[in-house]
Amino acid sequence: LHSLLVEVKVNEKFIQRVRDGQAVRVSLQADASAHQQGRVSAVMPAAERETGTVKVRISLPDPDARILPNMGVDVAFLGRETVNSPSGATQ
């Protein structure tokens, strides 16, 4: 696998803090010491009404070998204001 995508749901209250190209830190839920740097590659244009969240895709251009598809991850959006998204999955 040469690249992976992470898809997370961000509460709509915080989506204004997320922007395309923003740096993120991805940590495996199975191994919190496994950190990976990535970037926001897409913010979906509509919120999910049922959950009040917006899907955000994150690209991992050079993924750690321990990160596999469908693994659970924690994501921290880096920048002036940090937004944490505790649940995501690799694709």
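**Exercise 1. The surface**

How much area does the protein expose, and what share of it do carbon and sulfur atoms supply?

*Solution.* Keep in mind that this is a predicted model. Start with the total: the exposed area of the protein is about 5,400 Å². Then split it by atom type: carbon and sulfur atoms supply 50% of that area. To finish, turn to the inside, where buried residues account for 36% of the 91 residues.

**Exercise 2. The overall layout**

Work out which secondary structure elements the protein has, and in what order.

*Solution.* Begin by counting: the protein has 6 strands and 0 helices. Next, walk along the sequence, and you will read β-β-β-β-β-β. Now look at the contacts between residues with a separation of 6 or more: 58% of them join residues 24 or more positions apart.

**Exercise 3. Val26 and its surroundings**

Find the strand that holds Val26, decide whether this residue is buried or exposed, and list what it touches.

*Solution.* First, locate the residue: Val26 sits in strand E2, which covers residues 23-28. Second, check its accessibility. Val26 counts as buried because its relative accessibility is 1%, and the cut-off for buried is under 20%. Third, look for partners beyond four places in sequence: Val26 touches Val6, Ala34, His35, Gln36, Leu60, Val73, Asp74 and Val75. As a last step, try a distance: the C-alpha atoms of Val26 and Phe77 are 8.8 Å apart, although 51 residues separate the two along the chain.

**Exercise 4. Gln36, a polar side chain to trace**

Which backbone oxygen does the side chain of Gln36 reach, and at what distance?

*Solution.* Start from the strand: Gln36 belongs to E3, residues 35-48. Then judge its cover: with a relative accessible area of 11%, Gln36 is buried. Now follow the side chain, which reaches the backbone oxygen of Asp62 at 2.9 Å. Finally, collect the neighbours more than four places away in sequence; among them are Val24, Arg25, Val26, Leu60, Pro63, Asp64 and Ile67.

**Exercise 5. A backbone angle in a loop**

Explain what makes the phi angle of Asn70 worth a second look, and say where this residue lies.

*Solution.* Recall the general rule first: most residues other than glycine have a negative phi. Compare that with Asn70, whose phi is positive, near 70°. Next, place the residue: Asn70 is in the loop between strand E4 (53-60) and strand E5 (72-77). Then check its accessibility: Asn70 is exposed, since its relative accessible area is 66%, and exposed means over 50%.

Terms used:
Residues numbered from 1 in each chain as written. Predicted model: local features only at pLDDT ≥ 70, side-chain atom pairs only at ≥ 80, totals over all residues. Heavy atoms only, no water. Helix = DSSP H or I, 4+ residues; strand = E, 2+ residues; numbered from the N terminus. Buried < 20%, exposed > 50% of the residue type's maximum accessible area, 1.4 Å probe, protein only. Contact = heavy atoms within 4.5 Å. Areas by Shrake-Rupley, 256 points an atom, 1.4 Å probe, with all protein chains shown as cover. Polar contact = N/O pair within 3.5 Å; in protein donor to acceptor, adjacent residues only side chain to side chain.
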